[in-house]
Every structure is written in C-alpha cells, then in structure tokens.
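Please load the model in your viewer, show the side chains as sticks, and keep the sequence at hand. The tour goes from one selection to the next, and each stop says what is there.

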Amino acid sequence: EVQLVESGGGLVQAGGSLRLSCAASGFTFDDYAIGWFRQAPGKEREGVACVSSTDGSAYYTDSVKGRLTISSDNAKNTVYLQMNSLKPEDTAVYYCAAHGAPACPADYSGMDYWGKGTLVTVSS
C-alpha cells in the first residue's frame, strides 16, 4: 500500500521556523520526484517545492524562495521541508505528493500519490 505521511505542522509565530517531514512507503522511492504543496483557506492548492530523485535538484515557487528548503533522505524514504522566516500568508495545509518519474514535473502537475496533509498556522 502506497503511503505518504506528513508530520511537523503546528502553530508558530511570524518569523519562526518549522520542519515538515514526508515519510513514504509502498513504492520505489528512488523512482519518484517528491513535491510539497499547500492549500490556504479559500484558495487553490499550489505547488511550493519539488526535489528530483535523480540528483537532488530542488525547485521552488517564487513566493518561498530563500525561506523554504526541500531535501531528501533516500535512506529513510523521507523528504523534508525546512521553513524559515514564516509569514502569516504561509498558513495552509501542507501536502506532500509523489510524481511517477525521477525528475520534477513542469508546473507541479501529474502527481500520482498524495498524503493527507499537515496544518501549518503562522500567527502575526
């Protein structure tokens, strides 16, 4: 059974940090790029970061560049999202998802598996 399980969300003050984890199982981790997405209340889901399983190349949406860092520990089948300098507008449910190819997809499209999400709330 394929599983993606997010953890690490919570309540943090603006300017603070959180590290999210995405633990994967049930598929060959090295064959999949992993992305992080978020959905804020009343807004559409957006892709924020992706890491390629071929060479660890990372990609970010413009609004998070310089503040969020995605990384992968292939030995643990886990992808992390380090979030620094958090802002109230980062408040959202954060999801990880797996794309059925080692390279990150264009426009964060074509994800095959999804986790259930973890809530991040940033207070002002």
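Select F27 to begin: apart from residues up to four places away in sequence, F27 touches V2, Q3, L4, Y32, I34, A98 and Y113, where contact means heavy atoms within 4.5 Å. This is a predicted model, in which local features need pLDDT of at least 70 and side-chain atom pairs count only at pLDDT 80 or more, while totals for chains, interfaces and linings use all residues. Residues are numbered from 1 along each chain as its sequence is written, and side-chain values use heavy atoms, with hydrogens and water left out.

Keep F27 selected and add Y32. Both F27 and Y32 are buried, a word used here for under 20% relative accessible area, with exposed meaning over 50% and partly exposed in between (1.4 Å probe, protein chains only). A search of the whole structure finds five aromatic pairs, and rings of Phe, Tyr and Trp (its six-membered ring) pair if their centres lie within 6.5 Å, with planes under 30 degrees apart counted as stacked, over 60 as edge-to-face and the rest as tilted. The ring centres of F27 and Y32 are 4.7 Å apart and the planes stand at 65 degrees, so this pair is edge-to-face.

Now add Y113, whose ring forms a tilted pair with that of Y32, at 5.8 Å centre to centre and 35 degrees between the planes. Because Y32 lies in the loop between β3 and β4 whereas Y113 belongs to strand β10 (residues 111-114), the pair ties together parts that are 81 residues apart in sequence. Strands, like helices, are DSSP runs numbered from the N terminus (E, at least two residues, for strands; H or I, at least four, for helices). Y32 has a relative accessible area of 16% and is buried, whereas Y113, at 27%, counts as partly exposed. With the three residues displayed, you are looking at one aromatic cluster formed by F27, Y32 and Y113.

Which residues have the most contacts inside the largest nonpolar core? They are F27, I34, W36, V79, L81, M83 and Y94, in a core of 28 residues; such a core is a set of buried Ala, Val, Leu, Ile, Met, Phe, Trp, Tyr and Cys residues joined through side-chain atoms within 4.5 Å. To see where it draws its members from, colour β3, β4 (33-39), β5 (46-51), β7, β8 (78-83), β9 (92-99) and β11 (118-123), each of which supplies at least two residues of this core. A second core, separate from this one, has eight residues, including A33, C50, A97 and M111.

Next, switch to a cartoon view and find the open sheet of four strands, ordered β1-β3-β8-β7 with antiparallel pairing; two strands pair if DSSP finds at least two bridges between them. β1 (3-7) and β7 (68-73) stand at the edges with a single partner strand each, so one side of each has no neighbour in the sheet.

Walk across the sheet strand by strand. β1 pairs with β3 (residues 18-25) in the antiparallel sense over five bridges, and L4 has A24 in β3 as its bridge partner. From β3, six bridges lead to β8, again antiparallel, with C22 opposite V79 in β8. Five of the six residues of β8 are buried, so this strand is largely enclosed by the rest of the structure. Another six bridges join β7 and β8 in the antiparallel sense, and one place to look is T69, whose bridge partner in β8 is Q82. The hairpin of β7 and β8 has four residues between the strands, and there N77 takes a positive phi near 50 degrees.

Go back to β3 and select A23, which lies in this strand and counts as partly exposed at 35% relative accessibility. A23 touches Q3, L4, V5, N77 and T78, again without residues up to four places away in sequence.

Two loops come next. S85 sits in the loop between β8 and β9, has a positive phi near 50 degrees although it is a residue other than glycine, and is partly exposed at 41% relative accessible area. Y108, in the loop between β9 and β10, likewise has a positive phi, near 55 degrees.

For the last stop, select R45 and W114: the charged end of R45 sits over the ring of W114, 3.8 Å from its centre, the criterion being NZ of Lys or CZ of Arg within 6 Å of the ring centre and within 35 degrees of the ring normal.
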